[in-house]
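Let's take a walk through this structure together, moving from strands to side chains. Keep the viewer open, and turn the model as we go.

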Amino acid sequence: LDLRATGQLDLADLDPLLADRGADARGLLRIDGAIGGTAAMPALDGTLRLDGGGYRDAPLGISLDHISLLVAAEADRLRIVRAIARTSPDGSLELSGSASILAPNLPLDLHLRAAAARLPNSDSASATIDADLSLTGTATAALTAAGGLTLRRAEYRIPERLPATVRPIRIIRPGQAPAPATAAAAGPTVALDLTITAPEQLFLRGRGVTAELGGHMHLGGSLAAPRPDGGLTLRRGSVSFAGLSLAATAGTIRFTGAGLTDPDIDITATGNSASTLATIEIAGPASDPKLTLSSVPPLPSDEILAQLLFGQGTAQLSPFQLAQIAQALAAVSGVKLGFGDPLDGIRQKLALDRLSVGSGTGSGAVLDAGRYLRQGVYVGARQGLGGGRGSSPTPATGSGVSGTDSQGVVEIDLTRRLRLEGTAGTGLGANSVGLSYQIDY
């Protein structure tokens with residue numbers, strides 16, 4: 001054999017193939033290669049080069065820029081000399097390794113490193129990750145994906161409204177035999193041995209939930225049937241519902257049921273009035289969680305809301321107050337109201353990690369805002385907004401701020417479970433320092 005090929009391909013020419021999945025590629029791919037040896041034992045030589053490339057996949061939230069690729073053909077294998085890409089100004093991906101494409105069973109040995117990479121980065125989910133992963137084995141038989149992945153910061157947004165889905169209808173005309181089912185092509189078995197760490201700044205937002213979680217998880221099993229071990233527990237958070245902002249008292253995320261892409265969430269918040277202790281629980285798949293109300297002593301949902309919102313029973317409420325109760329009950333029953341959380345839009349524009357309005361020690365409301373300066377260091381402020389709900393009682397979960405008091409708040413994570421908290425300003429608990437310890441069950 002003595003064959004040579006040179007040329008170039010503008011990746012924009014692939015748009016007709018990629019457009020259907022909402023993706024596009026850019027860059028000029030150059031090839032300069034040769035095949036020598038014999039038909040029984042061919043030998044590869046040459047290079048494949050891409051400079052200044054780009055790739056975007058909107059459904060997956062992937063955006064890669066400044067792609068630089070250099071692959072060398074050596075005898076029976078392709079060796080990745082250079083493969084780097086930017087996911088953001090500070091985030092990068094680097095791929096190395098080789099694939100013996102002429103050897104039996106196609107052996108692979110690939111290594112992926114990520115540093116502050118933004119993957120994915122979409123309206124529904126975003127994450128900044130560090131990773132050190134490997135993929136080894138044979139492409140026609142068995143592969144193993146192993147390594148560690150650290151989530152520096154991640155955010156999953158629970159959709160306010162679920163998109164409409166269209167199921168394809170299979171039509172069989174009279175007298176026409178159904179088409180034979182085609183068997184899916186058998187691919188390699190991919191075993192998983194991945195460790196995922198998310199010490200903090202893993203946020204769950206939407207449907208009135210603002211929660212920060214952390215935890216560790218090991219992902220075993222296979223790509224076809226992943227087996228997660230571990231989960232995430234609540235670090236801090238709040239549940240906004242019907243004008244109330246209650247501190248979350250417990251919460252978990254379990255990667256079971258629908259799998260890794262749609263975890264089960266279970267977040268509980270409590271509040272009380274003069275005569276009722278109410279519990280709000282948001283549970284179910286993250287794509288469509290359900291909200292339920294319960295109380296001690298047991299009351300109907302409308303009575304629970306009346307006590308929490310107005311401090312009195314439904315018989316004493318005005319027509320306007322009853323309308324507010326009805327709107328809240330519609331949210332409990334799963335009716336989509338057509339609007340999201342207005343505070344969340346402000347939080348994003350101000351680049352804050354936390355922005356919520358809760359209750360203080362009196363009848364007034366309290367604005368709580370802040371962000372992480374670096375990993376493990378949170379700085380925020382609480383400002384009393386004055387006024388109040390009239391006869392509305394103070395929830396047991398309120399902060400130590402009332403009226404027009406203000407406080408600065410600093411939280412420093414000394415270890416995974418030990419946190420140093422300090423406040424300075426006016427109001428109950430101001431100018432104080434304390435330690436808190438978190439126990440994971």
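What follows goes through strand pairing, salt bridges, aromatic contacts and a surface patch.

One thing to keep in mind throughout is that this is a predicted model. A good place to begin is the N-terminal end, with strand E1 (residues 3–10) and strand E2 (residues 23–37). These two strands pair in the antiparallel sense, over eight bridges. Within that pairing, Thr-6 stands opposite Asp-32 in E2. On we go to strand E3 (residues 42–57), which pairs with E2, again in the antiparallel sense, over 14 bridges. If you would like a point of reference there, find Arg-26, whose bridge partner in E3 is Gly-54. E2 and E3 form a hairpin, with four residues between them.

Now stay with Asp-32 and look at its side chain. Asp-32 makes a salt bridge with Arg-4, and the closest N and O atoms are 2.8 Å apart. Asp-32 lies in E2 and Arg-4 in E1, so the salt bridge ties together parts that are 28 residues apart in sequence. How accessible are the two partners? Asp-32 has 37% relative accessibility and counts as partly exposed, while Arg-4 is exposed, with a relative accessible area of 57%.

How many salt bridges does the structure hold? The count is 21, and two more of them deserve a visit. Arg-235 forms a salt bridge with Glu-212, with 3.7 Å between the closest N and O atoms. This pair links distant parts of the chain, as Arg-235 is in strand E12 (residues 226–241) and Glu-212 in strand E11 (residues 209–221), 23 residues apart. Are these two buried or exposed? Arg-235 counts as buried at 11% relative accessibility, and Glu-212 counts as buried at 3%.

Next, turn to Arg-236, which forms a salt bridge with Glu-411 at 2.7 Å between the closest N and O atoms. Arg-236 is in E12 and Glu-411 in strand E20 (residues 406–413), so to speak of distant parts of the chain is fair here: the two are 175 residues apart. Both Arg-236 and Glu-411 are buried. Salt bridges that share partners join these residues into one network, whose members are Glu-212, Arg-235, Arg-236, Arg-354, Asp-368, Arg-382, Glu-411, Asp-413, Arg-419 and Glu-421.

Arg-354, one of the residues in that network, leads us to the aromatic side chains. The charged end of Arg-354 sits over the ring of Tyr-378, 4.1 Å from its centre. A search of the whole structure finds one aromatic pair. The rings of Tyr-372 and Tyr-378 have centres 5.5 Å apart and planes at 65 degrees, so the pair is edge-to-face. Both tyrosines, Tyr-372 and Tyr-378, are buried. Elsewhere, look for Arg-205, which lies over the face of Phe-203 at 4.4 Å from the ring centre.

Our last stop is on the surface. Here Leu-373, Val-379, Val-410, Ile-412 and Leu-414 form a nonpolar patch, with about 400 Å² of accessible area together. Where is Leu-414 found? Leu-414 is in the loop between E20 and strand E21 (418–425). With a relative accessible area of 48%, Leu-414 is partly exposed.

Conventions: Residues are numbered from 1 along each chain as its sequence is written. This is a predicted model: local features need pLDDT of at least 70, side-chain atom pairs count only at pLDDT 80 or more; totals for chains, interfaces and linings use all residues. Side-chain values use heavy atoms; hydrogens and water are left out. A salt bridge is a side-chain nitrogen of Lys or Arg within 4 Å of a carboxyl oxygen of Asp or Glu. Buried means under 20% relative accessible area, exposed over 50%, partly exposed in between (1.4 Å probe, protein chains only). Rings of Phe, Tyr and Trp (its six-membered ring) pair if their centres lie within 6.5 Å; planes under 30 degrees apart count as stacked, over 60 as edge-to-face and the rest as tilted. A charge sits over a ring if NZ of Lys or CZ of Arg is within 6 Å of the ring centre and within 35 degrees of the ring normal. Patches are made of residues with over 30% relative accessible area and no salt bridge: like charges are joined within 9 Å, nonpolar side chains (Val, Leu, Ile, Met, Phe, Trp, Tyr) within 5 Å. Accessible areas come from the Shrake-Rupley method with a 1.4 Å probe; for residues, only the protein chains shown count as cover. Two strands pair if DSSP finds at least two bridges between them.
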